[in-house]
Amino acid sequence: MAAGAVAVSLRALPAAVAALAVAGLVLGPVAAVLWRAGDWGRLGPGDWQALRFTLWQALLSAAVSTVLAVPLARALARRRFAGRGLLVALLGAPFILPTLVAVLGLVAVFGQNGVLNGALRAAGLPTLSIYGLHGVVLAHVFFNLPLATRLLLQGWHAIPAERFRLAASLGLSPWALFRTLEAPMLTRIAPGAFAVIFVICLSSFAVALTLGGGPRATTVELAIYQAVRFDFDLGRAALLSVVQLGLALAAGLVALRLGAGVGFGAGLDRVLPRWDARGGWSRALDALWILLAALFLLLPLALVAARGLPGLLLLDAGIWQAAGHSLSVALASTLLCLIWALALASRWGEVVGLAGIAVSPLVLGTGLFLILQPLVNPLSLALPVTTLVNALMALPFALRILRPQAQAARQDYGRLAQTLGLTPLAWLRLVLLPRLRRPLGFAAGLTAALSIGDLGVIALFANPDRATLPLQVYRLMGSYQMDAAAGAALLLLVLSFGAFWLFDRGGRMGADA
């Protein structure tokens, strides 16, 4: 009994250290901004309008992304076809795509001169506008539908295949099988996926800036940007950031309340054929969902690639040096993020992790600059600071991916591990890491890709010798070198997706996707 208590305390120590580190990195910069500002400022009518729009678009975006992901993930979970693994990997590309590059692809498809409106004009039908609320929601669904799909797909894979065999032997109808096996899994997984996407959309900046369409479609993040960039009203910016943090933490608490539940227990980890949905209508419906999702998510990427190919010849040595910086930062931030995520893989740890994307990156970067400025030249720490912030921003996604399987492993094997007297290190090496192999690969790939494509704190700190690839793309666009910018954007897409694919494939190697 004492040995078990010691093991529990040793497992709790890393969680406490990780939680303190995350809380310090989130609250410290906000406190520094407030200290420098001297007061909290006041919210004006425009800020309240931005808050209402932010909540409405985040709710719509998260709801549409999660609802559409259910039939898509279900179709991918129960169908096997040639190229399925590649398609699953490709469907994750929009979420890891840098925002500005993705917006260019969406405009190429849905913009005034895009493919869709061209077809509508040719058919004599009225055209559609991508700007305003519906444009913001469309872009957020484009980014977050792949994330919701992969999170739900992990949930389907967590159901032991033997349960489906038992359902088939009992002659359960498709509705009874859904109600017995799939609905409880969705009740456990979907609220967390909704909460993560909701928090992502709360901090929307580039999407709202490019597709918002005016003051009535301004988000809280844009209001923070205006307060810092144009008014230098740090108190108002910090107050808006605190409001944003409170909304995100509230969403996390609601998700935990709704998503409480246990898994289905352990299986033999065998991949068995699915006996359900063998009918023609079911096959046709699954194929339709997969086809529509592939067109919606992959066509903008194809147009970005086609535009960027000629620009690859214009890339100079500075671009390649920046690409090397991005890769080194991505590897370091991935390692740090996974260490934090393994330590915080619990219900309350996920609430702590949500703070990483709840605080405005603009406030976070400004606060870190104010903290470091009296001690050292912030420009000299551009890449280490970017590594820390990127790991922090990716932590909620890693926790959402790892926590369900980590909790299931503790429920299924925790008592046995205590009986055998396993040390925390042996538990990690022999039980937890093997059980988390697939979600660890997915989380690592997602973190690396997001880090490679991030343009946030580095824009505040970097000098020409320490630029990352997204910053170089931004500079090329600012100097109107659009062909070179398109080539660099394509390189950025290849590196982001390549890192995601390598880590994700490594986690799935030897197991079915």
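Me: What is the handedness of the crossing of α2 and α7?
Reply: The model is a predicted one. In it, helix α2 covers residues 45-78 and helix α7 covers residues 133-158. The handedness of their crossing is right-handed.

Me: Are α2 and α7 parallel, perpendicular or oblique to each other?
Reply: The two helices pack with their axes 6 Å apart, at an angle of about 40°. Angles under 35 degrees would count as roughly parallel, and 65 to 115 as roughly perpendicular. The angle falls in neither range, and α2 and α7 are therefore oblique.

Me: How many nonpolar residues does the contact of α2 with α7 have?
Reply: Sorted by class, this contact has one charged residue and seven polar ones. The number of nonpolar residues is 20.

Me: Which helices each supply at least two residues of the lining of the second largest cavity?
Reply: Three cavities of 30 Å³ or more turn up in a search of the whole structure. The second largest holds about 40 Å³ of space. Its lining includes S326, T386 and S451. The helices that each supply at least two lining residues are α14 (317-343), α17 (382-420) and α19 (437-452).

Me: How many residues of the lining of the second largest cavity are polar?
Reply: The lining consists of S326, V329, T386, N390, S451, I452, D454 and T468. Two of these residues are nonpolar and one is charged. The polar residues number five.

Me: What kind of aromatic pair do F442 and F500 form?
Reply: The count of aromatic pairs comes to six. In the pair of F442 and F500, the centres are 6.1 Å apart and the planes are at 75°. Planes over 60 degrees apart count as edge-to-face, so the pair F442 and F500 is edge-to-face.

Me: Which helices hold F442 and F500?
Reply: The pair links distant parts of the chain, with its two residues 58 residues apart. F442 lies in helix α19, and F500 in helix α22 (residues 482-508).

Terms used
Residues numbered from 1 in each chain as written. Predicted model: local features only at pLDDT ≥ 70, side-chain atom pairs only at ≥ 80, totals over all residues. Heavy atoms only, no water. Axes fitted to C-alpha atoms, helices over the stretch in contact; angles between N-to-C directions. Helix = DSSP H or I, 4+ residues; strand = E, 2+ residues; numbered from the N terminus. Parallel < 35°, antiparallel > 145°, perpendicular 65-115°, else oblique. Left-handed = near helix turned anticlockwise from the far one by under 90°. Nonpolar A, V, L, I, M, F, W, Y, C, P; charged D, E, K, R; others polar. 1 Å grid on protein atoms, 1.4 Å probe; cavity = no way out; pocket = protein on both sides within 12 Å on 5 of 7 lines; lining within 4 Å. Points joined across faces, edges and corners; volume = space filled by probe spheres on them. Phe/Tyr/Trp six-rings, centres within 6.5 Å; stacked < 30°, edge-to-face > 60°.
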